[in-house]
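The following exchange introduces a protein structure to a newcomer. Please look at the sequence and the structure before reading on.

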Amino acid sequence: MTYAGAFMDRHIVSRADYSDYSFFYDSLYGSTVYDASGATIDPSQGIWGKDNFTKQSHEPARRLADRRAAAVRGRAVLPAPDPTSSSSAM
């Protein structure tokens, strides 16, 4: 039996700046926003992000460990077909 397992623990801190996008969008479409006192609101935008991801994978399988073990047991191990080939035999 063959077993494959994996664990991923990823921590991501990111920052994105959309100042140019908001400046040109507002310039093109003429959208200016004012606050309650009548002053224009700064159109620059930014995002600060923090994400955490975890994943576990467990794959037990009943398969032969290698070609030599297959030869000992009298079984043939054939190469996997090439998924990029354009065979019409499917």
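The questions and replies below move from the whole chain to single residues.

Me: What kind of model is this, and what pLDDT do local features need?
Reply: Residues are numbered from 1 along each chain as its sequence is written, and side-chain values use heavy atoms, with hydrogens and water left out. This is a predicted model in which totals for chains, interfaces and linings use all residues, side-chain atom pairs count only at pLDDT 80 or more, and local features need a pLDDT of at least 70.

Me: Which pattern does the protein chain follow along the sequence?
Reply: The protein chain has 2 helices and 2 strands. Helices (H or I, at least four residues) and strands (E, at least two) are DSSP runs, numbered from the N terminus. Read along the sequence, the pattern is β-α-β-α.

Me: Where in the protein chain is confidence lowest?
Reply: The pLDDT is the predictor's confidence in each residue, from 0 to 100. The protein chain averages 76, and 71% of the residues score at least 70. Where pLDDT is low, the predicted coordinates should not be read in detail. Confidence is highest in strand β1 (residues 2–17), at a mean of 89, and lowest, at a mean of 58, in helix α2 (residues 67–73).

Me: How much of the protein chain counts as buried?
Reply: Buried means under 20% relative accessible area, exposed means over 50%, and partly exposed lies in between (1.4 Å probe, protein chains only). Of the 90 residues of the protein chain, the share that counts as buried is 6%.

Me: What share of the exposed area do carbon and sulfur atoms supply?
Reply: Accessible areas come from the Shrake-Rupley method with a 1.4 Å probe, and for residues only the protein chains shown count as cover. The protein chain exposes about 8400 Å², and the share supplied by carbon and sulfur atoms is 55%.

Me: Which helix gives the most to the nonpolar patch?
Reply: Patches are made of residues with over 30% relative accessible area and no salt bridge (a side-chain nitrogen of Lys or Arg within 4 Å of a carboxyl oxygen of Asp or Glu). Like charges are joined within 9 Å, and nonpolar side chains (Val, Leu, Ile, Met, Phe, Trp, Tyr) within 5 Å. Here Tyr-18, Tyr-21, Tyr-25, Leu-28, Tyr-29 and Ile-47 make a nonpolar surface patch of about 710 Å². With 4 residues, the most is given by helix α1 (residues 19–29).

Me: Why does Tyr-25 count as partly exposed?
Reply: Tyr-25 is found in helix α1. Tyr-25 is partly exposed because its relative accessible area is 41%.

Me: Which residues is Ser-19 in contact with, leaving aside its neighbours within four places in sequence?
Reply: Ser-19 lies in helix α1, and its C-alpha atom is separated by 7.1 Å from that of Gly-46, 27 residues apart along the chain. Contact means heavy atoms within 4.5 Å. Leaving aside neighbours within four places in sequence, the contacts of Ser-19 are Ser-44 and Gln-45.

Me: Is Thr-54 buried or exposed?
Reply: Thr-54 lies in strand β2. Leaving aside its neighbours within four places in sequence, Thr-54 is in contact with Met-8 and Asp-9. With a relative accessible area of 57%, Thr-54 is exposed.

Me: Which side chain does a polar contact join to that of Ser-57?
Reply: Ser-57 lies in strand β2 and, leaving aside its neighbours within four places in sequence, is in contact with Tyr-3, Ala-4, Gly-5 and Ala-6. A polar contact is a pair of N or O atoms within 3.5 Å; within protein, one must be able to donate a hydrogen and the other to accept it, and residues adjacent in sequence count only if both atoms are side-chain atoms. At 3.2 Å, such a contact joins the side chain of Ser-57 to that of Glu-59.
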